[in-house]
Each structure stands twice: as structure tokens, then as C-alpha cells.
Amino acid sequence: MKHPVLLPLLGGLLLSTAALAQPSVPAAPTGPASDTYFGVKVDDPYRNLENLQDPAVASWMKAQSEYARRTLNAIPGRQGLIDKMVEIDKRKAARVSDLRVADNDRYFYYKSRPQDQQPKLYCRDGYKGQEVLLFDPEAYEKGKLYNINGFAPSHDGSKVSFGISEKGSELGRTLIMDVKTRKLFPEQIPLNRGGGEWLPDNQTLAYLPYNNGDLKDMAARQNTQCRLHRLGTPVAQDQVIFSSKLYPKLGIKPSDYPYAGIDRDTKQAYGFLYSVDRYLNVFYAPAAALTKPNIPWQPLFRPADEVTNFVTDEQHIYFVTARNTPRQKLMRMPAARPNVAAAEVLVPESADESIMDEQLKTTKDGVYFVRSRNGVEARLYFVPRGGKAAQELKLPRAAGRIELTNKNAQSSDVWVTLGGWTTDRQRYRYSPASRQFTAEPLSSEAEYPEFAGLVVEEVLVPSHDGVQVPLSLIYPKGLKRDASAPVLMVGYGAYSVSMEPTFMPPFLLWAQQGGILACPHVRGGGELGEAWHKAGQKATKPNTWKDLIACAEYLTKNSYTAPGKIAINGGSAGGILIGRAMTERPDLFAVAIPEVGCLNPVRMENSPNGPVNVPEFGTMTKEEEARALLEMDAYHHLKPGTQYPATLVTAGFNDPRVIAWQPAKFAARLQASNAGSRPVLFFTDYEAGHGMGDSRLKQFESIADLMAFGLWQTGAPGFQPDKVAVK
């Protein structure tokens, strides 16, 4: 978002806060359409907004964005929030993230300093080695600002590949660098994002390019093909190794992303069919066959096996499955003769903890994994190589979340990063021989005295059907329960993503204003295992927003706050959560802020990124799923003459995930339906996408927008513009 701009006067007219409710903002152009789904007629009054190239649509979106920008910039306290975020950020001389460690103990990672708008790619030899800047995206091409959208070091650490893109598009090209000389190889892989995956020869890269660079074109992401690039050869000659065209009998859907590579531990080639489906669809073949025609693929995991992650060593494949196991279990089978049906249970299901399947690592000593209670109390476990009993490892301090990093399955090296709501991330090296954790920080340390007095309260709230929903609350010590505190509820509830405790100083500033930061762990997430995810998916999706509503009602009944004091916020798939909560209970919330949100899922399949999301939300071609999509569609639940909460709707014009017309249609219909005086703002960022790749200042400005808007509309002192000059 652009820097704040003061609003000039027009004829000396001063407007009150209430008058900021949309004066002189043009109404959206209408282009009515209707569809009939399994006997149900559905009117779509703003179908025309799906044509983002229409001059009338473009003009309306621009006018809406300019008005929203002026209004947000005029809120007292907004710039103060940005200033405080910048001041807090400067306390850390450096932030390090996304650590990868190569076989030669070479560390690769992103690092950003307070003066950096984009993270830069660095390396060092060993923890105490001298740091080397490999790539600075801000200095790559004069006049252009790139961001790195993913990187991959070769196994031996001699090379690193990385993707660069502009304006949040997430799509660009992949560059390859020789680490020793820091020189780029002449070839560049176009229409790609990220760094691909290196094969064990450290010379060959597997990657999956788009078909074209138009992110609004349905054909760009349909029937994609995985290719191999060998260093020193023309990219135009890269071999296609995995696709529906090559292997029509494998059942590869047009929307699937087919990806293949070689696992050096098991000496097998693996072919993955990626979508948003949590359940892996994987094939295997001898590694030597990957570069030859007619690869003899055999099924390894099918979606019916409900496998959500797997890792390997030289002898075994270890995998997490949710089949008949609500909180997941860890299985093991021989790599030479994989057979899911004959696999042994290595770690059975826990009664009160869920396996966090992304945190699963193998070393030469055994398997490390993480389980969590209610998504907020994380514990670390270890199964020795060849053993069958899981051991809990005593952590140096309690953790809300745990992240694991290893080097490879032939080394003992493993690193553990611990985090929480009000405690910064801390990184340790774990020694299995001594069972000791040794601090090995990469990021600079900093003090945050303003957050020292915050209280973290974890409660369970009965939802509409009696199911207990975890609710995390962060607020100042000594907060009075007099129903006066403004509340910011941040939720998501999709793809089994857990809202794990994360230290985010910009959001903690809400509590600094005397408010409560609340995180409802609604169904659709993964906090209580895969069963929790399934309970907020497709036909069960209403549980997601009903859980949030129940948590808001709990806060009002227990005098934490009052209905006129609650702001709700969620992005992307969290737009379903926010959109349906505000349309089902407009009386309960003062503010709703769906960011780059999925707000018209009935039409999602008509956008480039829609078909791949069918496993999570459903398809309009099946009656039961079509009815579920209609139920979760906030755009179609807007009712004329209703007093809706103050709403800030945002979109990214270059968004490759939620196309900009979804939030645009919702904002247009909301403005036309709203009978109250509360403002409905619609802001499209033409220099951004889904939030990935945003500059540091843009991130701060976006958070300040939602917080200032929420604090203004919940009546927080310091954010009330008694009289605002408006043009």
C-alpha cells in the first residue's frame, strides 16, 4: 500500500466520523447473470466484475481503492502504529529464516536487516562460518524490485537455485548460482517459481513450469508438465518426465501439479500429484528410470490411504496417516518392498495430542516428530533407529510451536526452534548422545519490554453443537472484565492449517491499546488432528464460522467485551470464515476485515487457481458439494437492507491464488446491501498479489490498516477522528 497522504479540504467542508460511510463513492457497474445448480436458481448481479479488463470495472476498482486509501490514511493513530512497528523491527540487527543445511555443513538462509525491504539469500560454512551474501533481489536489476520466492541448495552445497518474481505474482524465473564463485549460470528457467529440486547428481534440477505467464488465464496452470534441466544445456531441450500426456493411465487430472524427483536414501524415483488435497497421491519407480522413456510407475500412496507426509532413510519409509485415526499415527514400511497395507504401526494415535505432520525428520539416529495438544502446547518425540518406542525429549522451555530442521538421514544433526505467542523464536542444536539442547541463534536477539506484562489464556468454548473449541487470548495483565475491551479475532480454518502460537509484535500492539487479541482454533484447521480438519470441510464447512461465532459469544457472555467491540479478520481461505460469520451474525461484530479473501467460492472453479482447490471446498458439478459451496459463499448470503459491520475488503491485483474479482464482487454487493452508516471500504493493491513478496514497509502498512480501522470502529481512544477533512 502507498505511503499515507493527507486529505486536502474541499470548500471548507468538515465531515464527522459517521459521514465517512461512503459519500460520493461510485456504485459498482452491474451486469446481472443467473445460474441454476441442481434446481436452485442463483442470481449473480455483479458477474460483470469478473472481467477485470473491462474499463468500467477498472475505473470502479480504482475509485474504490483511492477512497479507501484516503480514508485509512486519515485515521488518527495509524501512522503511530507504523512508526512503532518500524521501531520494534529495528531492535533486531538481523532476522534469519528458512534455514537449509547441505551435506558439507553449508548453511543457506534468508536474512533481512531493518534497512532491507526484501529478504536476501545468504550462506555460511558451518554455524560459526563467515557469512556470504549470495543474492540481493533489490540490487539485481536497476529500476525493478524483485523478491525471492523460494530456493533450493544442491545436496553437496556447491550450487543454489532460486526463483525471483515481481509485484507479488509469485511467478517469474529460476536462476542458478555457483556458490564458490557467486556467479550465475547463463541459463534461466522461465515461467517458474521457487528453486525446483536437485537430483542426487547435483547437476540436474527438476521443476514444474506454468504454461504461460498470464496468471489470469485458466490454461496457465492446467495440464502442467514436470521437466528436468541439466546444467550447461539449453532450457528449450529440457526433458518432460512426468505429466498426464506421458502417463494417461495414472489418472492425472488437468488441475494436478505433477512433480517428480529422486530420493537418494531409498534410491527410488517418486512422482507426486499435488493439489490442495492433504492426502498424498504418490508413485514410485527405480531411480535410474527417471531419465528414460516409459517410467514403470507403481502406486506408493493413494488418497484413500490418507497419508499426509512421509520421510525416508536407507531402509524404511516412515509416514503419517489419518486413516481410521482422527489424531494420526506414524507408520513404517521397508523401502525396498513398500506396501501400505502391510506397514507396521511405529507410534500409535495419542488420546489428546495430534501429530504435526510437517515436523517429521530422519537422521542416522532415528525419527523426530512433534505432537501438539489443542494446537498450542507442542512436545518433541524421538524414535531410535530400529526401535519401536517413542521417547519424549525434555525441552529447554515450554513451547507453543516447534519447528525441526535436519541435514540428512546420514547425519545426527538436528535443530529445534521453539516459539510462543509472547516469546520470540529460539533455535537450538540437539545432541542425541548427551540429550542436551545448545542454543545456536542465527537471528539477532532483542528485548520487548512492552509485551512483558501480557497474559496468555487458553480456554475451551462450547460451539453450536457442544464441541469444545480451543480459544487463545492475549491481553494486558489486570484487564478488567467490564465488557469494554476491543477484541481482534484472527482466524483461518482450512487445509488443516493450525494457528500455532507465533510471536508477531505488530499484532501484539492491539493488546497494547488495552485490547484482546483472540485466536479461535476453528474446525477446518488441524489443531486437533485430521478429524478436526474434516469437520470444517465441504458439507461440514459451516462449523468453521459457527465456531468463531461461539467464541465471540463466549467473550461477550463472560464480559471480556461487547458486540460493538469485536473485529474479525482472516485472509485467503479465511475469507470464507469472516464473510460467513459477518453475514450470519451481523449484529455480533463491529468490524469485519477479509483480506484477499475467498468470498465467492461458487465461482471459484472459473478462476485459474480454482480447480486445484476442489478437494478442500468441493465442485459445482456434484449436487451435495454444490450445495455446500452455496452455503459457504458470503457473496450470495448478503441481504439487502441489512446493517452490516464496518468492513474493509482487500484484493491484490496480481494475486495468483484468490483472483481479485472475488473480493471485488463481495464489496460491490455489500455496499449495495448495507443499510447502516458504517463504512464499507474496498482496496485493491495494484503492486501486490496474495501477500507473498510484499516489502517490509508494505507489510507494516497493511497490518496498520486493519488494526487502525478495527480500533477506530470499536471506539478505541486515539483512533477516533472527531472531525476529518475529506475531499
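A residue is called buried here when its relative accessible area is under 20%. By that criterion, 12 of the 13 residues of helix H9 are buried, so the helix is largely enclosed by the rest of the structure. The structure in question is a predicted model, and its confidence deserves a brief look before the details. The chain has an average pLDDT of 94, with 96% of the residues scoring at least 70. Residues 1-22 fall below a pLDDT of 50, although this stretch has 54 contacts in the model beyond near neighbours in sequence. Where pLDDT is low, the predicted coordinates should not be read in detail.

Helix H9 covers residues 661-673. With 1.5 Å a residue, its 13 residues should span 18 Å, and the end C-alpha atoms are indeed 18 Å apart, which agrees. Among its buried residues are Trp661, Phe666 and Leu670, along with Lys665 and Arg669. What surrounds them? The buried residues of H9 pack against two helices, H1 (55-73) and H6 (574-584), and against strands E3 (40-44), E39 (646-652) and E40 (680-685).

Elsewhere in the chain, an open sheet is built from four strands in the order E25-E26-E27-E28, with antiparallel pairing. Its edges are formed by strand E25 (354-362) and strand E28 (391-393), each of which pairs on one side only. From one strand to the next, the twist averages 30°. Strand E25 is joined to strand E26 (residues 366-373) by five bridges in the antiparallel sense, and Ile355 stands opposite Arg371 in E26.

Definitions and conventions: Residues numbered from 1 in each chain as written. Predicted model: local features only at pLDDT ≥ 70, side-chain atom pairs only at ≥ 80, totals over all residues. Heavy atoms only, no water. pLDDT = per-residue confidence, 0-100. Contact = heavy atoms within 4.5 Å. Pairing = 2+ DSSP bridges. Axes fitted to C-alpha atoms, helices over the stretch in contact; angles between N-to-C directions. Expected span 1.5 Å × (residues − 1). Buried < 20%, exposed > 50% of the residue type's maximum accessible area, 1.4 Å probe, protein only.
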